Amino acid sequence: MIVVGIMGIMMTTGVPIVYRAWKKAPMTKALSELVEVCSRARAQAIMMGKPVDLMFYPREGRFAVSGAPAASPGNAGHVPLAGPISGAGTSGQLPPEIEIQMLDINKLKRDFRLDENARVRFFPNGTSDELTLILRSDRGEQRGVVLEVTTGLASVLNETDLQRLRD
């Protein structure tokens with residue numbers, strides 16, 4: 001009986017550790033999904049040899065990869081989107097605890113958070129539009145994701161990096 005009691009105590013103390021390992025924190029989950037989707041969009045653009053869009057739907061807190069046909073003379077400036085590209089890592093949904101605090105594309109200094117959708121384009125040569133996205137959790141935690149224009153690679157910013165970005 002004593003051995004069974006000791007085993008029960010040991011298992012009880014391990015439950016919080018197992019739970020944290022099993023369920024990712026909302027901010028960590030959101031950031032990993034976003035970096036994965038950016039990576040997938042960049043890879044699709046390179047492999048398909050044509051631009052690919054990462055669409056943000058700020059009001060809904062979601063994002064997805066879409067193919068984008070090349071602009072023709074009749075639709076210069078406005079490029080219609082094809083449907084979403086399917087497969088793992090092609091879309092994501094922000095957890096309810098996470099909100100978009102800033103969504104800036106190509107340093108336009110415009111608040112894309114209020115738009116129905118916003119587009120970040122990845123190009124076949126591995127480059128992309130510039131993106132700065134800052135997320136905020138309901139616990140006050142802030143993290144960000146930026147896309148390097150010349151490589152199209154996403155980087156995660158911690159709170160110290162965000163402070164330098166604001167200065």
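Me: Taking partly exposed to mean a relative accessible area between the buried limit of under 20% and the exposed limit of over 50%, what is the relative accessible area of Arg-62?
Reply: In this predicted model, Arg-62 forms a salt bridge with Glu-60, with their closest N and O atoms 2.4 Å apart. Glu-60 is partly exposed at a relative accessible area of 45%. Arg-62 also counts as partly exposed, because its relative accessible area is 31%.

Me: Which residue in S5 is the bridge partner of Asp-53?
Reply: Strand S1, residues 52-57, and strand S5 pair in the antiparallel sense over five bridges. The side chains of Asp-53 and a residue of S5 meet in a salt bridge at 2.7 Å, N to O, and this pair links distant parts of the chain, its members lying 68 residues apart in strands S1 and S5. Both members of the pair are buried, and four of the five residues of S5, which spans residues 118-122, are buried as well. The bridge partner of Asp-53 in S5 is Arg-121.

Me: With which residue does Lys-29 form a salt bridge?
Reply: Lys-29 and its partner both lie in helix H2, residues 26-48, four residues apart, or about one turn of the helix. Lys-29 counts as partly exposed, because its relative accessibility is 37%. The closest N and O atoms are 4.0 Å apart, and the partner is Glu-33.

Me: Is Ile-2 buried or exposed?
Reply: Ile-2 lies in helix H1, residues 2-22, and together with Ile-6 and Met-10 makes a nonpolar surface patch of about 350 Å². Because its relative accessible area is 68%, Ile-2 is exposed.

Notes: Residues numbered from 1 in each chain as written. Predicted model: local features only at pLDDT ≥ 70, side-chain atom pairs only at ≥ 80, totals over all residues. Heavy atoms only, no water. Buried < 20%, exposed > 50% of the residue type's maximum accessible area, 1.4 Å probe, protein only. Helix = DSSP H or I, 4+ residues; strand = E, 2+ residues; numbered from the N terminus. Pairing = 2+ DSSP bridges. Patch = residues over 30% accessible without salt bridge, like charges linked within 9 Å, V, L, I, M, F, W, Y side chains within 5 Å. Areas by Shrake-Rupley, 256 points an atom, 1.4 Å probe, with all protein chains shown as cover.
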